[in-house]
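Here are my notes on the model you sent, set out as numbered points for discussion.

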Amino acid sequence: GLTAANGSVLAACQSGEVVRWYPIENEASVVDFGKDKCGDVGRVLLEPKGFHALITNNGGDSWYLNFQSNQAKALPRLKGHVIEAAAWDPDSTASSTRDLIVGTIGGQILHVVVDGKEKVRSLLTFGEGLARVPVCGVQRERCTAA
């Protein structure tokens, strides 16, 4: 997968490596997953401001990446969820995703916050048992009272 936002590009390679490239500076670096190798990358989801990224593999493991580091942080509370789509909070900051909404292959919509620690809450599930319906896209809209 390949994704770009705000002067940053993340590219996932078949080898399981994820490379971050800043074209303006012409600098590239490999994301460090530590002892947990990513392998079989399913999605790389980059926040529009370029501050935050989620990397998920097809085995249901997920990592968080902040723009200030090349060290990916495992997200154990998302284990087992193959993330397919994300709707990022427009009020995110450099250190917090704030309210991130993700959709999974398993038919769930989850509320996720990463701000030093990870918080995950299930919001909705489509289908039952083996008849779960994958969530292929999520979108956020801001509504204001009239």
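1. Starting with charge, the chain carries 15 positive and 16 negative side chains, and the centres of the two sets lie 6 Å apart; Lys and Arg count as positive and Asp and Glu as negative, with His and the chain ends not counted, and each charge is placed at NZ of Lys, CZ of Arg, CG of Asp or CD of Glu.

2. This is a predicted model, in which local features need pLDDT of at least 70 and side-chain atom pairs count only at pLDDT 80 or more, while totals for chains, interfaces and linings use all residues. Residues are numbered from 1 along each chain as its sequence is written, and side-chain values use heavy atoms, leaving out hydrogens and water.

3. The chain has zero helices and twelve strands, where helices (H or I, at least four residues) and strands (E, at least two) are DSSP runs numbered from the N terminus.

4. The largest nonpolar core, meaning a set of buried (under 20% relative accessible area, 1.4 Å probe, protein chains only) Ala, Val, Leu, Ile, Met, Phe, Trp, Tyr and Cys residues joined through side-chain atoms within 4.5 Å, has 15 residues, and L10, V18, F33, V41 and I55 have the most contacts (heavy atoms within 4.5 Å) inside it. At least two residues of this core come from each of β2 (8–12), β5 (41–46), β6 (52–57) and β7 (62–66), and β5 gives the most, with three.

5. Leaving aside residues up to four places away in sequence, V41 touches A12, G16, V18, I55, T56, N57 and N58. A second, separate core of 13 residues includes L54, V102, L110 and V114.

6. Of the 146 residues in the chain, 42% are buried.

Conventions
Buried means under 20% relative accessible area, exposed over 50%, partly exposed in between (1.4 Å probe, protein chains only).
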